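Subject: Structure for you to look at

Dear colleague,

I am passing on the structure we spoke about, and below it you will find my notes on what turned up. Please read them with the model open beside you.

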Amino acid sequence: MNPLVLSDADYKAVFERITQLALEYVASVGDQPSFPKITGSETEALFAKPLPEQGMGNCSLDDLDRVIEFVRVTSPRFLGYVLGSGEPIGAAADLLASVLNQNVTAWRSSPSAVTIERVVVGWLAEAIGCTGFSGSLTGGGSSANLMGLALAREARVPANECGARPGTVYASEQIHMSIPKAIALLGIGRENLRLIPCDDNFRIRVDLLRTSVERDVRAGLTPIAIVGSAGTVSTGSIDPLPELAEVARESGAWFHVDGAYGALAAIAEPAKFAGLNQTDSLSLDPHKWLYQPLDCGCLLYRDAAAARRAFSHTGDYAKSLVDDPVEGFAFFEETIELSRRFRALKIWLSLRYHGLGNFREAIRNDLTHAQLLAGLIAKQPELELLAPVALSAVCFRYRSRNDADRECDALNQEILQRVVRRGKVFLSNATIHGSFALRACIVNHRTTPEDIEQVVSEVLAVGRELSAG
Ligand SMILES: Cc1ncc(COP(=O)(O)O)c(C=O)c1O
């Protein structure tokens, strides 16, 4: 008897228990605290147990209750960072994807899975107004940005054969940290990333961008890429994409857009994202604003040949022997990964089950909720909105008795910690013009107007408590 292979009945018991736990979790998310009440040492005490030499059988499932009790809950009032809310149909598909255990690397390794990923990538492109782009699903926005900049580097200063050559990359000072990280990893060097100041709406100053590019060109440097943001992480601002496309065209630079946070909102508000279809590559994150379970990012590109130039390193053992373009297709020729998970199944099933229209509606609700929150903040003299609300990120603070910045920062830091500890709403923070801001980011299909009202009442309650003390 092979101890790793169970009977149908034993498998059924395990799968039924897992399904039951999953369904209980989904049913309970509305009532859960927005963050579990537990300390670091308590989690260690609970879970840091010796590696079992002997199998525990069904007893191994017992601790799953504790795992679930102390995860960060996908509550409708979890509004920190840019964290999607986990759509359960996608989650069910993810379980099946794991059971199917497909290697989505080439048509010949998994015909239906590879075809579905190509279809889903096409759907995503079409949904945001970039019909005709191709691409692939990734672990997240950071890897999509890394891959986008790898395409840029190979297109403008090819490095695959002879090593990295100097060149410059341009982005606003609001750019997400995954861009400098990618530039470091690609050997371009962070000193060659020009961080361009923003206007009052946290959008890149195109006049200063032009000056910077011209200065570098005069100095003999090669502009590799201009990176725009379609939703900056702090405030959700969207750079003027058509103008960035023009500067890229004029300077011969690649045009990449980091749309990990915002680009999928083009499904609901295409006008805000004019110019998205003028990019050479762009990242988006279905695990953020398409509410899909982690992990699932996506890189789209206009020209698949550019992706192959960057990533094709086929060993003899992997060469395709067929002429048919569909059957010969290989993701590993266009991506970093060779072995790849069947990420597309969750998007495919979730989109087919609900329809794009319902996602559009959910994204619209998030945008409306952000405006609702901004409006409620504006009505409270004790609160101050710190940045325009371009998408669904709302940055604000509680005013201290005297508005000296340092005192205000310290007060709001304390407010944030106490609000999170109270467990009713979860906020994170941002730095706006050097000041500490409370930040709510609404990419949550379960959030209601009442949840938004609770953000205000919680911050006011804690702010008043601290100010009185
Ligand atoms: C604007 C932006 N870009 C990139 C990322 C990175 O995405 P991921 O966390 O999926 O790697 C984020 C994450 O919040 C983001 O907000």
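The buried residues of helix 7 pack against helix 6 (141-156) and against four strands, namely strand 2 (168-172), strand 3 (193-196), strand 4 (223-229) and strand 5 (254-259). Within helix 7 itself, which runs over residues 178-185, the buried positions are Ser178, Ile179, Pro180, Ala182 and Ile183. Just after this helix comes Gly187, whose phi is positive, at about 75°. Please keep in mind throughout that this is a predicted model, and that the values below are computed from it.

The next topic is the nonpolar interior. The largest nonpolar core has 65 residues, and the members that touch the most others are Ile128, Leu276, Leu282 and Trp289. Helix 5 (residues 111-127) supplies the largest share of this core, with eight residues. Because both domain 1 (92-354) and domain 2 (357-468) give residues to this core, it lies between them. A second core, separate from that one, consists of 31 residues, among them Ala374, Ile415, Val425 and Ala440. As general background, nonpolar side chains in soluble globular proteins tend to be buried together. To see how one member of the largest core is surrounded, you might select Ile128, which, leaving aside its neighbours within four places in sequence, is in contact with Ala263, Leu264, Ala266, Ile267, Leu276, Leu282, Leu284 and Leu300.

Turning to the ligand, which residues are the closest to it? They are Gly141, Ser142, Asp258, Asp285 and His287, out of 15 residues that surround the ligand. Asp258 places a polar side-chain atom 2.7 Å from a nitrogen atom of the ligand. Two other side chains approach oxygen atoms of the ligand: a polar atom of His287 lies 2.9 Å from an oxygen, and a polar atom of Lys288 lies 3.0 Å from an oxygen. Taken alone, the ligand exposes 390 Å², of which the protein buries 83%.

Several loop residues also deserve a look. Thr335, in the loop between helix 11 (304-311) and helix 12 (344-354), counts as buried because its relative accessibility is 5%, where the cut-off for buried is under 20%. A polar atom of the Thr335 side chain lies 3.0 Å from the backbone oxygen of Glu337, and, not counting residues up to four places away in sequence, Thr335 touches Ser136, Met147, Phe311 and Arg340.

The last group concerns backbone geometry, for which the background is that most residues other than glycine have a negative phi, and most peptide bonds are trans. The loop between helix 10 (286-289) and strand 7 (297-301) holds Asp295, and the peptide bond from Leu294 to Asp295 is cis, with omega near -5°. Tyr291 is found in the loop between helix 10 and strand 7 as well, and, although it is not a glycine, Tyr291 has a positive phi of about 60°. With a relative accessible area of 1%, Tyr291 is buried. Tyr81, in the loop between helix 3 (64-69) and helix 4 (88-100), likewise has a positive phi, near 50°, but at 46% relative accessibility Tyr81 counts as partly exposed.

With best wishes

Terms used:
Residues are numbered from 1 along each chain as its sequence is written. This is a predicted model: local features need pLDDT of at least 70, side-chain atom pairs count only at pLDDT 80 or more; totals for chains, interfaces and linings use all residues. Side-chain values use heavy atoms; hydrogens and water are left out. A nonpolar core is a set of buried Ala, Val, Leu, Ile, Met, Phe, Trp, Tyr and Cys residues joined through side-chain atoms within 4.5 Å. Buried means under 20% relative accessible area, exposed over 50%, partly exposed in between (1.4 Å probe, protein chains only). Helices (H or I, at least four residues) and strands (E, at least two) are DSSP runs, numbered from the N terminus. Domain bounds come from an automatic or database domain assignment. Contact means heavy atoms within 4.5 Å. A residue is near a molecule or strand if one of its heavy atoms lies within 4 Å of it. A polar contact is a pair of N or O atoms within 3.5 Å; within protein, one must be able to donate a hydrogen and the other to accept it, and residues adjacent in sequence count only if both atoms are side-chain atoms. Accessible areas come from the Shrake-Rupley method with a 1.4 Å probe; for residues, only the protein chains shown count as cover.
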